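Please find below my notes on the model, set out as numbered points. They begin with the protein as a whole and then turn to one strand.

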Amino acid sequence: MLHTTRAYGGMLVAPHHLAAQAGHRVLAEGGNAIEAMVAAAAAIAVVYPHMNSLGGDNFWLIHEPGEAPIGIDACGGAAELASIDFYREQGLEAIPGRGPLAALTVAGAPSGWEAALAVSKGTWDGRFLLPRLLEDAIAFAREGIAVTASQAANTAAKKPEMGSSPGFAETYCPDGSVPRTGERFRQARLAASLEVLAKEGLESFYRGDLARSLASDLEAVGSPLRLSDLQGFKARRVHPLSVEVAGHRVFNMPPPTQGLASLMLLGIAQHLDFGEPGSFDFIHGLLEATKRAFLVRDRHVTDPDHMTVDPASFLTPEVLREAAGDIDPVKAMPWPAPANAGDTVWLGAIDREGRAVSFIQSTYWEFGSGVVLPESGIVWQNRGTSFSLDRAHHNHLLPGRRPFHTIQPALAQLSDGRVMAYGTMGGEGQPQTQAMLFARHVLMGQDLQETVTAPRWLLGRTWGSEHTNVRVEDRFDPEVIANLKAAGHDIELVGAFDEIMGHAGALVHHPDGLIEGAADPRSDGQARGF
């Protein structure tokens, strides 16, 4: 029997139970949703080190009842030294996926925390100080955590390709071998870095002693990043994109994220006949809507400062209806198209005042660049590998340019007064899983935990995979799978609850104060309320 978690005091959902615990403690002590999320975000960077890091980026959607949602874009740009010529002079046709040359963009995560806390203190009467918010993360790093099966499996799978990544083996295989599930894993250098941030403030990551340490280590290992790149960065407050779906207002992040694709997918799909959850019509319709949304994304989405079209122009009723009309109800459009991988965590929080946060944090691939800086113990992202070295490409590398991001949190204001914060990790799977969650729960009335647990599919790539076919969990009706193949979909079956389908989660706040939450059984997480 599946049980949706329910409470009235507040709730936080995360893909690792210790991160959920850290955020829950703040909520229970009277903190708001932003403060709880910072505590959880710091904790998840410690307890799920293969999925995210202080050396990565994050994005926020922040909801306050009666106000327009706020977006925070904490995506770092490319180093000033990171030009196409810089890589061409080294004989490279593409940016490497691992190693120092993959560590070419500024890490935005701590600045995202800082920008969110400014909202908390400015309008939400936030009172929690950094030493308290980082307390659990510091303790987990200093005293150690139990290695998850996910961390052990990903370490074993990716260790062979990390030869060019300084510090990886020493950090993640401390005795020379892959840590076993349940083994104690300590990160003393990371604990010390978090203590510096707690004492000196998050600005220290960019303009303090910690920044100087980071810059020195990055240059020493061969990254093009320098202190001036860190000093020039600050997270941005942005206006989210939105679309109306069946009378509900759905929000997501603007470029450089693929939030536009997530909104287009739902906006197109609302004009289709879904049938029942898990039916051929349901899966085929969402797959075909995904393809139309991805074509727009792959043609246009990049750093918004370099875009020549308004992303909102693709969200008009006319454009969405026309795209839906192009879908054959019984035949698949040929695929694949270019794809992107990713590795990420999504977390959500709602406090007793109904204020909600949808949050996502990432290093791009598992363990990012694999470069662990020797003094700070921070692993750096490889998000900049999404840049092209072809000057004709719409997402080509330029110094200071922000890279395309697969990650994007979702939030919806429903027509009956409910507010839903939801999301997932999983590269190309993120828009698709978001659409599944919204369609099943909001449009079809399925129980929240049943929605998150239900079998899923994935068109294109997720983190750590080169496949671009449609992977489908084998829990679907065999007749439905046969019909999808007959329609022309390239189907590959995967096992039940395969982690490749991502770690989803959702929270829903009702007008009477009830909060419902669901965590993904594919993860190590939970929804914790009180």
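1. How many positive and negative side chains does the protein have, and how far apart do the centres of the two sets lie? There are 43 positive and 62 negative side chains, with the two centres 3 Å apart, where Lys and Arg count as positive and Asp and Glu as negative, while His and the chain ends are not counted; each charge is placed at NZ of Lys, CZ of Arg, CG of Asp or CD of Glu.

2. This is a predicted model, in which local features need pLDDT of at least 70 and side-chain atom pairs count only at pLDDT 80 or more, whereas totals for chains, interfaces and linings use all residues. Residues are numbered from 1 along each chain as its sequence is written, and side-chain values use heavy atoms, with hydrogens and water left out.

3. Of the 530 residues, 65% count as buried, meaning under 20% relative accessible area with a 1.4 Å probe and protein chains only.

4. Strand E13 (residues 419-424; strands are DSSP runs of E, at least two residues, numbered from the N terminus) has six of its six residues buried, so it is largely enclosed by the rest of the structure. Val419, Ala421 and Gly423 point one way from E13, and Met420, Tyr422 and Thr424 the other way.

5. E13 pairs in the antiparallel sense with strand E12 (residues 410-413) over four bridges, and likewise with strand E17 (residues 504-509) over six bridges, pairing being assigned if DSSP finds at least two bridges. Glutamine 413 stands opposite valine 419, and alanine 421 opposite leucine 507.

6. The hairpin of E12 and E13 has five residues between the strands, and glycine 417 takes a positive phi near 95 degrees there.

Technical notes:
Buried means under 20% relative accessible area, exposed over 50%, partly exposed in between (1.4 Å probe, protein chains only).
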